[in-house]
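Reader: Hello! Could you take me on a close look at the ligand site and the pockets of this model?

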Amino acid sequence: MGSRVAALVPAAGQGARMGTEVPKQFLTLGGAPLLVHALRILGAADVVTEIILVVPKADYGYCQQELLPSLGLEKPIKVVMGGARRQDSVRLGLQAVSPDMDFVLVHDAARPFVTVEMVEQAVDAAKVHGASIVAIPMRDTVKRVTPDAVIQSTLDREGLWLAQTPQVFRIGLLVEAHQKGEKDGVEATDDAFLVERLGYRVWVVPGSLENIKITKPEDRLMGEAILAARANRMSI
Ligand code: C5P
């Protein structure tokens, strides 16, 4: 059948850009810690079999003993301690994936507005092609700018997309990609890059403008606005 999916959720960043004491994934959005939103969606998506949550060492006990029990998710969930970089956290999370899984879906805890539909579409594409990511086309004009704020060049935005998560891969492919990336000393800000550089084709499925990553304080304001709009059944 080949369709058992582990959802791996990197939530082990320190959130330095947020400028708060508490890592951003534990700051509240709509009254719940940020990471809870994505966990609830992954918990509700029937295509997801198990969840691996990767958290900072310092928050392991809180997540294991308080946060997760309070959510009452009805599928197996493991908590893993993360590493220094996102790619280290994903690699450590991969080691905790159950051996009978066929696919891994990686989804950043910092993207609370993922939907069940997005998860299903990404998984469906990965089942056909082996690797898929959610992304949206660039709508703005893109400039390359020097550190002292002078435009160097204007990129042709035709064919430029912004990568989001979820990103879904056949498990063996993602494990191989991370091992090779580690061996070659490659820095990666997403998982697809590690797979692309092995020469595999990664397919893109439509994400959404609402699927933002909460990185800076102003993103939380945007997040609250999206929640409010959803509560009113509007879209932003
Ligand atoms: O830093 P960035 O915004 O790219 O982080 C994306 C996701 O990766 C966040 O959910 C963050 O918590 C996670 N991360 C991690 N381990 C790190 C750094 C980031 O799990 N060392």
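Author: Happily, and one term comes first: on a 1 Å grid over the protein atoms alone, a pocket is an open set of points where a 1.4 Å probe fits, with protein on both sides within 12 Å along at least five of seven lines, and its lining residues have an atom within 4 Å of a point. This is a predicted model, in which local features need pLDDT of at least 70 and side-chain atom pairs pLDDT 80 or more, while totals for chains, interfaces and linings use all residues. Residues are numbered from 1 along each chain as its sequence is written, and side-chain values use heavy atoms, without hydrogens and water.

Let's start with the ligand. It is surrounded by 16 residues, each with a heavy atom within 4 Å of it. Pro10, Ala12, Arg17, Gly83 and Ser89 are the closest of them. By class, this shell holds six nonpolar, four polar and six charged residues; here Asp, Glu, Lys and Arg are charged, Ala, Val, Leu, Ile, Met, Phe, Trp, Tyr, Cys and Pro nonpolar, and the others, Gly among them, polar.

Several polar contacts (N or O atom pairs within 3.5 Å) involve the protein backbone. At proline 10, a backbone N or O atom is 2.8 Å from a ligand oxygen, and at alanine 110 such an atom lies 3.3 Å from an oxygen of the ligand. Arginine 85 has a polar backbone atom 3.4 Å from a ligand nitrogen. On its own the ligand has 460 Å² of accessible area, and the protein covers 88% of this (Shrake-Rupley method, 1.4 Å probe).

Where does the ligand sit? The space it takes is the largest pocket, as more than half of its atoms lie within 2 Å of the grid points. This pocket has about 750 Å³ of space, the volume filled by probe spheres set on the points. It is lined by 32 residues, and Gly13, Arg17, Lys24, Arg86 and Lys213 are the closest to its centre. Arg17 is thus among the closest residues to the ligand and to the pocket centre. Helix H3 (86-94) and strand S10 (161-170) each give at least two lining residues (DSSP runs of at least four residues for helices and at least two for strands). S10 makes the largest contribution, with four. The whole lining counts 10 nonpolar, 12 polar and 10 charged residues.

The second largest pocket holds about 230 Å³. Its lining has 13 residues, with Ile136, Met138, Asp140, Leu162 and Leu209 closest to the centre. Strand S7 (131-137) and S10 each supply two or more of these residues, and S10 again has the largest share, here three. Seven of the lining residues are nonpolar, three polar and three charged.

S10 deserves one last look. Proline 166 is part of this strand, and the peptide bond leading to it from threonine 165 is cis, with omega near 15°. Most peptide bonds are trans.

Methods. Polar contact = N/O pair within 3.5 Å; in protein donor to acceptor, adjacent residues only side chain to side chain.
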